[in-house]
Structure formats: C-alpha cells, structure tokens
Amino acid sequence: MNRAHNYHHMYDECKKHIHSYVLVKLNDGTSLDGIITGLDEENVYLAIPNFGNDRREDRVYPFGYPGYGPYPYPPIPYGPSRFRRLVLPLAALTAISLLPWY
C-alpha cells in the first residue's frame, strides 16, 4: 500500500471513529489506546489514559491559570487528570481498531 493511500485511509478511519475508544498502531511498532478527540489534515488528537505521572505544570489551561481571566473556573481539587492529550501525525499510523469501553 503506498503512503498516500495509507494516509487517506487512516484519515477516513479516524474520522469514522471520532469520539470513540480505539487502539492505534504506529509504524514504529508502538500501540496506544485512547479516545479520538480531534482530527485535522495532518494529525489525530487522542486523550490517552494517564497512569499517575501527570505533572500540574504541564497542563494547559485556556485563558490562563484556573480561577483567573475572563472565564474563571475552579482548579482541579482531586489530584491529577485521568487523561492527557497526545497529538500523533497521521503519517505515523498503520492501523486503528475500536475497543470496548468496559
């Protein structure tokens, strides 16, 4: 399968499974599970499970730190986030499959 065909196939598969829990295989042999949260012409955006290694200084808050700015909201009171965002280039994907939520 040529690269252009694989790229378009992966784009279509990601688009079909947006907001779904999936297993993604990369061309380096790595497998990742997560929820597809977004997609553009070059990248797929995943929310992947966070296994306790979240550092608060790595978080990105819209409009600045929570509680400040034009749209304040409360800070997260109960520790680290359950998911973190991962951006992968579509060209790195070789396979995608749906996973059950349970």
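Below are questions and answers on this predicted model.

Me: How many helices and strands does the chain have, and in what pattern do they follow?

Reply: The secondary structure comes to one helix and five strands. Along the sequence, the pattern reads α-β-β-β-β-β.

Me: In what order do the five strands stand in the sheet?

Reply: The five strands form an open sheet, and their pairing is antiparallel. Neighbouring strands are turned by 45 degrees against each other on average, direction ignored. The order in the sheet is β4-β3-β2-β1-β5.

Me: Which strands stand at the edges?

Reply: An edge strand here has a single partner strand, so one side of it is left without a neighbour in the sheet. The strands at the edges are β4 and β5.

Me: How many bridges join β3 to β4?

Reply: The two strands run antiparallel. One opposite pair is Asn43 and Pro89, with Pro89 in β4. The number of bridges joining β3 to β4 is seven.

Me: How many residues lie between β2 and β3 in their hairpin?

Reply: Strand β2 covers residues 31–39 and pairs with β3 in the antiparallel sense over four bridges. Leu39 has Val44 of β3 as its bridge partner. The two strands form a hairpin, and the residues between them number three.

Me: What is the bridge partner of Leu23 in β2?

Reply: β1 and β2 pair in the antiparallel sense. Five bridges hold that pairing. For Leu23, the partner in β2 is Asp33.

Me: How many residues of β3 are buried?

Reply: β3 is mostly covered. Of its seven residues, the number buried is six.

Me: Which residues touch the most other members of the largest nonpolar core?

Reply: This core has 15 residues. At least two come from each of α1 (3–16), β1 (21–26), β3 (43–49), β4 (83–89) and β5 (93–98). In soluble globular proteins, nonpolar side chains tend to be buried together. The residues touching the most other members are Val24, Leu88 and Leu93.

Me: Which residues does Val24 touch beyond four places in sequence?

Reply: Val24 belongs to the largest nonpolar core. Leaving out residues up to four places away, its contacts include Leu88 and Leu93. The full set is Thr30, Ser31, Leu32, Leu46, Leu88, Leu93, Ala95 and Ile96.

Me: Is Lys25 buried, partly exposed or exposed?

Reply: Lys25 lies in strand β1. Its relative accessible area is 39%. Buried means under 20% and exposed means over 50%, so a value in between gives the class. Lys25 is partly exposed.

Me: What distance separates the C-alpha atoms of Lys25 and Ala95?

Reply: These residues are 70 residues apart along the chain. Lys25 also touches Ala95, and its other contacts beyond four places in sequence include Thr30 and Leu93. The C-alpha separation is 5.1 Å.

Me: Is Ser20 buried or exposed?

Reply: Ser20 sits in the loop between α1 and β1. Beyond four places in sequence, Ser20 is in contact with Gly34, Ile35, Ile36 and Leu98. Its relative accessible area is 19%, and the cut-off for buried is under 20%. Ser20 is therefore buried.

Me: What is the relative accessible area of Asn50?

Reply: Asn50 lies in the loop between β3 and β4. Leaving aside neighbours within four places, Asn50 is in contact with Ser81, Arg82, Phe83 and Arg84. Asn50 is buried, with a relative accessible area of 10%.

Me: What share of the contacts with a separation of 6 or more joins residues 24 or more positions apart?

Reply: Lys25 and Ala95 give one example of residues far apart in sequence, at 70 residues. Across the chain, the share is 61%.

Me: What share of the 102 residues is buried?

Reply: The chain exposes about 7,300 Å². Carbon and sulfur atoms supply 57% of that area. Of the 102 residues, the buried share is 30%.

Me: Over which residues does pLDDT stay under 50?

Reply: The chain averages a pLDDT of 78, and 68% of the residues score at least 70. Among the elements, α1 has the lowest mean, 87, and β1 the highest, 95. Where pLDDT is low, the predicted coordinates should not be read in detail. The stretch under 50 covers residues 61–74.

Key:
Residues numbered from 1 in each chain as written. Predicted model: local features only at pLDDT ≥ 70, side-chain atom pairs only at ≥ 80, totals over all residues. Heavy atoms only, no water. Core = buried A, V, L, I, M, F, W, Y, C linked by side-chain atoms within 4.5 Å. Buried < 20%, exposed > 50% of the residue type's maximum accessible area, 1.4 Å probe, protein only. Contact = heavy atoms within 4.5 Å. Pairing = 2+ DSSP bridges. Axes fitted to C-alpha atoms, helices over the stretch in contact; angles between N-to-C directions. Areas by Shrake-Rupley, 256 points an atom, 1.4 Å probe, with all protein chains shown as cover. pLDDT = per-residue confidence, 0-100.
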